[in-house]
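Please open the model in your viewer and show side chains as sticks. The tour goes from charged pairs to cysteines, one selection at a time.

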Amino acid sequence: MKCRFTLIELLVVIAIIAILASMLLPALNQAREQARSVNCKANVKQVSASLLLYAGDHADFCIRYFPRPAQDIVWSKEFFDAKYNTSPGTFFCTKDQSLYALRAKTVTSTNTFIYCSIGYNAFNIGSSIRAGSSDTVTPPKLSQIRRPSRTIGFGDTALVTNNDLGYYLLRDATGTTDGVLYSCHNGLANIGWMDGHVSSENGGVKLTRTPNSWIPTNHPYLREPFNKTIENCWDIQ
């Protein structure tokens, strides 16, 4: 006599499979997100290393955030053109699914580097805008940074007005509409510090998926130089 499943037994098996799947999927999603965060950290690490290489060739000076404004060349494009970093994809967070990120390996136009999703601490490290001196253009030397392990160099960024895109600047102003620190990894943002180490930190912003829906008014940036004065970032020499 052949053994056959009854309808009830079949439904029980299906229910058990559904329960097991519901238990496993969150763990799989978490593992996938962890892998993306690790890959993004590796990208931030490589970009940070490019800055150290650049400073070694330029009398210890950090790169300007807009080194060639006449040609619309930003820091990331300069790194690529000067071969400090020849992998355009490393300027993007692994969660960035914008057209620029997806085409970064084959299309290296100026906009590709403007809308990269790893931003540079433009006004404190990429220039002297926050230094309170008459020279707002010249960036600091690495040796001038007093607390490199607590000073942000790079981090995950996004445009508030279009958070499908990243931005080459990491701004320190409240109420900014571009270059915000983006907590895109389970509420954490990957940060590249000026001593070269990378960490995932809480303190960025979680953007909605609707453009123009939210602009931060009290932006919770991390540590120096974002929530303290510029004198805690680097010395004027």
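This is a predicted model, and a search of the whole structure finds three salt bridges. Start by selecting R68, K77, E78 and D81, which are linked in a network of salt bridges. The next stops take the network pair by pair.

**R68 and E78.** Select these two side chains: they meet in a salt bridge with an N to O distance of 2.8 Å. The pair links distant parts of the chain, with R68 in the loop between α1 (7-57) and α2 (75-81) and E78 in helix α2, ten residues apart. Now colour by accessibility. Is E78 buried or exposed? E78 is buried, at a relative accessible area of 18%, and the cut-off for buried is under 20%. R68 counts as partly exposed, with a relative accessibility of 30%.

**R68 and D81.** Keep R68 selected and add D81. Their side chains also form a salt bridge, 3.1 Å from N to O. D81 lies in helix α2 and R68 in the loop between α1 and α2, so this pair ties together parts that are 13 residues apart in sequence. D81 is partly exposed, at 34% relative accessibility.

**D81 and K77.** Drop R68 and add K77. What is the N to O distance in the salt bridge between D81 and K77? The distance is 3.4 Å. Both residues sit in helix α2; because they are four residues apart there, about one helical turn separates them. K77 counts as buried, at 11% relative accessibility.

A general remark on such pairs: side chains of opposite charge can pair when their charged atoms come close.

**Cysteines.** Clear the selection and pick C93 and C40. How many disulfides does the structure hold? The count is zero. A disulfide is a covalent bond between the sulfur atoms of two cysteines. Why is C93 not bonded to C40? The cysteine sulfur closest to that of C93 is in C40, at 3.6 Å, which is too far for a bond, because the cut-off is 2.5 Å.

Stay on C93 and check its accessibility: C93 is buried, with a relative accessible area of 5%. Last, select C62. C62 is buried too, with a relative accessible area of 2%.

To finish, bring back R68, K77, E78 and D81 and view the salt-bridge network as a whole.

How values were computed: Residues are numbered from 1 along each chain as its sequence is written. This is a predicted model: local features need pLDDT of at least 70, side-chain atom pairs count only at pLDDT 80 or more; totals for chains, interfaces and linings use all residues. Side-chain values use heavy atoms; hydrogens and water are left out. Buried means under 20% relative accessible area, exposed over 50%, partly exposed in between (1.4 Å probe, protein chains only). A salt bridge is a side-chain nitrogen of Lys or Arg within 4 Å of a carboxyl oxygen of Asp or Glu. Helices (H or I, at least four residues) and strands (E, at least two) are DSSP runs, numbered from the N terminus.
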